[in-house]
Amino acid sequence: MGKAFAVRVKVTNRSTEVWELQPGDYSGIHLSYVVANVKLEIIHRSQAGLMRRTVRPGESIVLTLAVPPLKVPATYNLVAQMIDARGAGVPI
């Protein structure tokens, strides 16, 4: 097993609406991400941006994605997208 690590991602609000980030699983706007193996089987699924923060149009925020220890050496895929949980999990 490898060591846990973090990935920092800068996201920019390019919409015309304010992003209201909120604490709590699947609440408000947040970054949802998965780590998958080469067969695209999900190894880890989580969220980032679970905090009270307002991101206005044109503004950016840096979010930290926590990744648990993975088997090494291997190839993994990390996929992340901003989600608006208020709209039943609609990608934004």
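A polar contact here is a pair of N or O atoms within 3.5 Å; within protein, one atom must be able to donate a hydrogen and the other to accept it, and residues adjacent in sequence count only if both atoms are side-chain atoms. Before we start: this is a predicted model, where local features need pLDDT of at least 70, side-chain atom pairs count only at pLDDT 80 or more, and totals for chains, interfaces and linings use all residues. Residues are numbered from 1 along each chain as its sequence is written, and side-chain values use heavy atoms, with hydrogens and water left out.

**Exercise 1. Work out the surroundings of Asn37.**

Step 1: find its place. Asn37 sits in strand S3; strands (E, at least two residues) and helices (H or I, at least four) are DSSP runs, numbered from the N terminus.

Step 2: check the cover. Asn37 has a relative accessible area of 15%, so it counts as buried (buried is under 20%, exposed over 50%, partly exposed in between, with a 1.4 Å probe and protein chains only).

Step 3: look for polar partners. The Asn37 side chain makes a polar contact with the side chain of Glu41 at 2.7 Å.

Step 4: list the contacts, meaning heavy atoms within 4.5 Å. Leaving out neighbours within four places in sequence, Asn37 meets Ile43, Thr75, Tyr76 and Asn77.

**Exercise 2. Now do the same for His30.**

Step 1: His30 also belongs to S3, which spans residues 29-37.

Step 2: its relative accessible area is 0%, which means His30 is buried.

Step 3: on the polar side, the His30 side chain reaches the backbone oxygen of Gly28 at 3.4 Å, and makes a polar contact with the side chain of Gln47 at 3.3 Å.

Step 4: Gln47 turns up again among the residues that His30 touches, along with Ala48, Leu50, Gln81, Met82, Ile83 and Ala85, once residues up to four places away in sequence are set aside.

**Exercise 3. Is Leu40 buried or exposed, and what does its backbone do?**

Step 1: Leu40 lies in the loop between S3 and strand S4 (42-48).

Step 2: with a relative accessible area of 61%, Leu40 is exposed.

Step 3: its phi is near 65 degrees, a positive value in a residue other than glycine.

Step 4: try a distance. Leu40 and Val62 are 22 residues apart in sequence and 26 Å apart in space, C-alpha to C-alpha.

**Exercise 4. Sort the side chains of S6 by face, then find the partner strand.**

Step 1: S6 covers residues 60-67, and its side chains alternate. Ile61, Leu63, Leu65 and Val67 point to one face and are buried. Ser60, Val62, Thr64 and Ala66 point to the other face and are not buried.

Step 2: S1 (residues 5-12) runs antiparallel to S6, joined by 8 bridges; two strands pair if DSSP finds at least two bridges between them.

Step 3: pick one position. Lys10 stands opposite Val62.

**Exercise 5. Put the whole protein together.**

Step 1: count elements. There are 0 helices and 8 strands, in the order β-β-β-β-β-β-β-β.

Step 2: take the extent. The C-alpha atoms fill a box of roughly 40 × 25 × 20 Å along the principal axes.

Step 3: check burial. Of the 92 residues, 32% are buried.

Step 4: look at sequence range. Among contacts between residues at least 6 apart in sequence, 66% join residues at least 24 apart.
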